[in-house]
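Got the model open in your viewer? Let's walk through it one selection at a time.

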Amino acid sequence: MAAQLKCLLSMVAIMTMAGLKVTVADDCLPRKFAYGTVCVCNSTYCDRTPEPETLSVGKYALYTSSNAGSRMRRSSGSFVQSHDSQWSGDEIDVDMTTTYQTIHGFGGAFTDSVGINIMSLSPNTQLNLLKSYFADDGIKYNIGRVPIGGTDFSTRKYTYADSKGIPDLNNFDLAPEDEEYKIPLIKTAMSMASDEIKLIGSAWSAPPWMKTNNDYSGIGFLKPTFMETWAEYHLKFLDAYSKQNLTFWALTTGNEPLNGIVPVNRFNSMGWTPMSHREWIGRHMGPRLRGSEHNSTLLFAIDDQRIVLPWWMKMLMSDEQCAKYIDGIAVHWYLDFIVPVKVLNEVHKNFGDKIILNTEASQGDKPWDFVKVQLGSWARAENYANNIIDVIYYNIIHFILHLNLLS
């Protein structure tokens, strides 16, 4: 980044800013905690960020957030070329003919913990908080990840068919968490958004009776005899949400299959191997999804760390029957400190027609994170920002930062 920073500083050095104007509208109501400053959102007030207007040539708008409490504070002004300066920095050549992926947006997850926390607030505070995320004068989240059953952000382990029925999924039913938290919050968010909110469904585990270890978590895989049943389970989920007038833009092929291979026994998880994964996608999930009324729903593979790329994806795509049903690759950030971002470039070069989507990033997950919740942590905010810059800088521009809304 040194060359890029030098280039940026050189650009600033030969420009002067004229007509600087600072706009303060519905600014942060700060409250300090041990790790930093938060903006208070209550029943009568929440900071807002009005949508920017179209700027004329030579004008700019600058949004600033700071550890001191500024949140998206907007300033505007004009760029003026200094005639007595000579260009001494690096040149920037913009190739308008070369394009990469499109930014679909940014979003958060409608997890159980989000629902529990938001629903604990007064009705007006709930509305103000959600507006700050989804409304035009908020940060305009337009993507929402929806867990299919229990997760590590749940207070219990559960699926939608904990007991085997006759037939197998006769007992399938949404959980109280869907009815009380996820569905109401999604509908409220959608009522506030001027643009479509794209929903992405991800299952953490199949019901224990479908798995080799007969458990929600731990080292366990889907039994081969239940591959078709597991595909049907996903369709039943889409059907159930469709009855609530909620349509899913995409599904993933399962959250973090590595968690079902390593001895993690804390929350819903299920392992796959690349071979079993492509068998399920190519001969069960893919055909069933495309043959259903939900055939416009996209299918994202992997949904795990960069460490499995590109080799896992190559194994999936080597099977033509599997490859034709994969619309994209879902990626998480938890091992990014081991695997550099350039691996995503390799994935893009090999599978340029596939969307690359970051679907999960939260903090406090490491064993050495002794304080899980750090209200106002500016260091954690910088971690998120650096990750976004890192990924976009390397031209993997199709990005969603998955944040727990209250992390």
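Select helix 3 and helix 4: helix 3 passes helix 4 in a right-handed crossing (the near helix is turned clockwise from the far one by less than a right angle; anticlockwise would be left-handed). Helices here are DSSP runs of H or I with at least four residues, strands are runs of E with at least two, and both are numbered from the N terminus. This is a predicted model, where local features need pLDDT of at least 70, side-chain atom pairs count only at pLDDT 80 or more, and totals for chains, interfaces and linings use all residues. Residues are numbered from 1 along each chain as its sequence is written, and side-chain values use heavy atoms, leaving out hydrogens and water.

To pick the pair out, use residues 123–134 for helix 3 and 176–192 for helix 4; they pack at about 60 degrees with axes 9 Å apart. Those axes are lines fitted to C-alpha atoms over the stretch in contact, and angles run from 0 to 180 degrees between N-to-C directions. That angle makes helix 3 oblique to helix 4 (under 35 degrees is roughly parallel, over 145 roughly antiparallel, 65 to 115 roughly perpendicular, the rest oblique).

Now show side chains. Leu127, Leu130, Lys131 and Phe134 of helix 3 make the contact with Leu185, Thr188, Ala189 and Met192 of helix 4, contact meaning heavy atoms within 4.5 Å. By type, that's six nonpolar, one polar and one charged. Here Ala, Val, Leu, Ile, Met, Phe, Trp, Tyr, Cys and Pro count as nonpolar, Asp, Glu, Lys and Arg as charged, and the others, Gly among them, as polar.

Keep helix 4 and add helix 2, residues 112–119: these two pack at about 80 degrees, axes 9 Å apart. Helix 2 and helix 4 are therefore roughly perpendicular. The residues of helix 2 that meet helix 4 include Asp112 and Ile116, and Tyr181 and Leu185 are among those on the helix 4 side.

Next, jump to Pro167, in the loop between strand 7 (143–148) and helix 4. A cis peptide bond joins Ile166 to Pro167, with omega about 0 degrees.

Two last stops: which residues have a positive phi without being glycine? Try Met72, at about 50 degrees, and Ile302, at about 75 degrees. Met72 sits in the loop between strand 4 (59–64) and strand 5 (73–81), and at 37% relative accessibility it counts as partly exposed. Ile302 is in strand 10 and, at 2%, counts as buried (buried is under 20% relative accessible area, exposed over 50%, partly exposed in between, with a 1.4 Å probe and protein chains only).
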